[in-house]
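Good morning, and thank you for coming. I would like to speak about charged side chains that pair with one another, and then about one helix. Please look at the structure as I go along.

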Amino acid sequence: MIRIKETDCVRIIIQQNNKKTTMQQPKANLATNNRHRLNLTIHLVLIFITSFSWAQKHTIVSGTVIDGQTKEVVPFASISILSAPDKGTAADANGYFTLTTTLDSGTLLVTATGYARLKYPFRRDSTRNLVITLSPEAVVLNEVVISVKKPKYRNRNNPAVEFIREVIAYKDSNNAKKLENYSLKHYEKLILSFSVKKDSNSKNPFLLRKYPFLMTQVDSTRQKGRTLIPIYLAEKSEVHHKVKGQSMKPIVTGTRQSRIDQYLDEDGLDEFMDKIYGEPDIYNHDIALGNRRILSPVAETATLFYEYYLRDTIKTSKPWQLLVMVSPKNKEDALFNGYLSVTLDGHYAVTKADLTVGSKANINWLDDISVTMQYKKDADRKYYLQKSTMSLNMGIVKNGMELFGEKTYMIYDFVPGALSIDDVTTTNFSEVRTGTPNYGKVERPVPLSVNEVAALQNVDSLKASHSFRQSMAFGAFLLSGYANAGPVEVGPVTSFYSFNPIEGSRLKFGGRTTDAFSRRIVLDGYLGYGVRDRFTKYRLGATLSLTKRSIYEFPVRSISAVYTSDIQIPGQELAFSSSDNFLLSFRRGNNNKIWNSEKWQFEHLYETNAHLSFKLGIRQENLIGGGALRFELNESGRPGSEQNLQTSEVYSEVRWAPHETFFQGKRYRRPIDKGYPVFTLNSAIGIKGFAGGQFNYNRIGFQVRKRFFLSQLGNLDVATEAGAVFGKLPYPLLIIHRANQTYAYQMASYNLMNFLEFISDRYVGINAQHYFNGFILNKVPLVKKLKLREIVTVKALWGTLSERNNPDRTQGLFKMPVAQDGSLLSHQLGLTPYVEGSFGISNIFKVLRVDVVRRFTYLHHKGAPLWGIRLKVNVDF
């Protein structure tokens, strides 16, 4: 810097300021003007010299920080000068930074969470538009363990807790998604990789030795001690709108997937992965992980379950931010460890979260769970989720081959402000069709990485491998129970052999057609034989899709025809599991109450994109008493004569399941419960004289079920139902309540009720089941290491039987079934409801649930059990 003497500049300025202007003589004015020009010239020269000198002595360093593997930008990296660590800055959301220093040369220290520290030299002649490459660190955030002896943690008078309470108080005002109106673009991608352990003898993993073509693109740095082989990639871009507080249905602009499409149900895999990953957002009350809900560290009740520690002030960002460490109070609870970055500008906004789930948490099959969330400020000074990444390992055998998945969500072009419905509905995008793996053009904010492109190549190579196809076929057989034989598949193998008191040993052989036969037409059937009763049973069915899609693919539009001749347990028509499953052959008590059914039906199913479905059908059935059941008329003064029973009816069903998603398989579809209610209304009209029908009647039923997620307290499933039958009818056509005499726990049945025990023509029932997910047992010493989970269930049933349908009061009806000693087998419900409850322990060996069931009412009925133990295979996260 040039030193300026007083005589050079300062004195001139002072003299000039003290000079008095006079208007006495023109010559004096001229002299004064000349001095003004001289002073101005000197000023300009000095400013130029000073600026030039400053530019010569100051160095501006700028550039972009990127990921060395993916070539994506690394947002919010910290950049400082090694010799002057207090002089630093932070990269913005696009990885760009600029830094000013007086040094001619030096070394930058570049750090970012999840990356190795980098020392980057610079010189004055090459400091602009640098591209700094960081290497991902193989070590992820570990579980927070505080080993130093310290005072007992308390919330009271704790500055960290007081600070986080301010964060919670300002959470809604900082959350951009609380705006009434906005639009945004959304991009997501999921990449799955086989994660195989590196052999200790330095050999390549078995999978790479078996399929050497996979070695062309592997990642050995992402996970310590393991090699990642990318095998699946799915990506999707959407446009989202919120209008007047109502979130509109996303408009899909493009999808792309790499698929095997031979044995894997990849349509179902999409929904399954959505269920696992959810869409993490720290501003939500909790974050979804499979069926679990993990409480957010800034939820309203978070201070009851988390510990908070103030760790550091980040001065390289504007505004300054405070780094807060979070840790579960109880390590076995499914909660987060990690760090939050919070602004110190009085708004207490979370701008970044780096979180993991500890290895001690009561979660199955998943490990190395890591979640990163980054937020950006919009035009209204609110924060929206700019990017979130969730990664985890899924594996059954510890240290064996696992499936590593990483899902990334990115939001860009976030525009707050007023919108109209017309602006949304007239957008020039088409909605993606279900099951279409490649549709439209995916809009990517950043290009795919090398490993992501490799997933596409690896899938093509695996498709061409004969041994891989054989392995996938065997795996599909184990999961589904069906053996593929080209145009047909044979199964399920679990029902090939079973036994019961009526048939003795039951032999059964069945199958169905596959996509190789037709996607739109499915034929199915079985042939069974009872060794003891020597009767042949069979079923033939055909279903035709009225669309170009599969009959299982939502939304379904189909017609079907079925003919069945088989035995049936009364009241079990709606059971979800086939009664001839081998494991369900083991039953308590007497199981000789059956009837023989010959039935045909035609049905039309129509589903809408709004998840409103309609079912309309015609059914004709002929029932003949079997086993201990005899259909005998109750006529005064005459011996009972055995009859058969024939009905013809038109039935319908309306089902509404808003926001429902499915695990969509090629030959099945299972709902994924996300907490939305499901409403079902069904009815049937019996027509006397039509196709041999003997009765006129009306039957109606209504069901509602919903799951309530209660965060750390688990979740509560509630199902209520009610129904009525109108008309004078024999007991087989009344409401026979669902009972269970197997040793398997059944959710929708009454587990200590005997078959055919209760009959009604009006009823109301409720089933409440609460999953605590280890909330209590996680806090019991020693027991908590077993990672057990507790379940409490209460079921109640109210009902009545009107006089006109009571054979004791009305002539011309079938007698109620009786045992050999003349005691009644069937009863009507009185003023007292049937009530049973159970306490269960699940997650035994990660797959088994055991319930102790207690019956509280109607204990005087013959054969009514007071206690029971029921088992259920329950695989969950």
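In this predicted model, D533 and K537 are joined by a salt bridge, with their closest N and O atoms 2.8 Å apart. Are these two residues buried or exposed? Both D533 and K537 are buried. The pair also belongs to a network of salt bridges, in which D533 and K537 are linked with E503, R506 and D566.

Let me set beside this a second pair, R809 and E803. These two form a salt bridge as well, and here the closest N and O atoms are 3.2 Å apart. Their surroundings can be read from the accessible area. R809 has a relative accessible area of 57%, and because exposed means over 50%, R809 counts as exposed. E803 has a value of 53%, so E803 is exposed too.

A third pair consists of E443 and K185, whose side chains meet in a salt bridge at 3.5 Å, N to O. Where in the chain do E443 and K185 lie? E443 is in the loop between β21 (439-440) and α8 (450-463), while K185 is in strand β8, residues 182-197. The two are 258 residues apart, and the salt bridge therefore links distant parts of the chain. As for exposure, E443 has a relative accessible area of 24% and is partly exposed. K185, at 26% relative accessibility, is likewise partly exposed.

These pairs are examples; in total, the model has 28 salt bridges.

I now turn to the helix. Helix α3 spans residues 159-169. Which residues of α3 are buried? They are A160, V161, F163, I164, V167 and I168. If we look down the axis of α3, these buried residues fall within an arc of 160 degrees, so they line one face of the helix. On the face of α3 turned away from that buried side we find the exposed residues P159 and A169.

What covers the buried residues of α3? The covering elements include α4 (171-174) and the strands β14 (306-314), β15 (321-328), β16 (336-343) and β17 (350-357).

One detail remains, at the start of α3. There, a side-chain oxygen of N158 comes to within 3.0 Å of the backbone nitrogen of A160. A160 is also one of the buried residues of this helix.

To close, I return to the pairs: D533 and K537 are buried, whereas R809 is exposed, as is E803. Thank you for your attention.

Terms used: Residues are numbered from 1 along each chain as its sequence is written. This is a predicted model: local features need pLDDT of at least 70, side-chain atom pairs count only at pLDDT 80 or more; totals for chains, interfaces and linings use all residues. Side-chain values use heavy atoms; hydrogens and water are left out. A salt bridge is a side-chain nitrogen of Lys or Arg within 4 Å of a carboxyl oxygen of Asp or Glu. Helices (H or I, at least four residues) and strands (E, at least two) are DSSP runs, numbered from the N terminus. Buried means under 20% relative accessible area, exposed over 50%, partly exposed in between (1.4 Å probe, protein chains only). The arc is that of the directions from the helix axis to the C-beta atoms. Contact means heavy atoms within 4.5 Å. A polar contact is a pair of N or O atoms within 3.5 Å; within protein, one must be able to donate a hydrogen and the other to accept it, and residues adjacent in sequence count only if both atoms are side-chain atoms.
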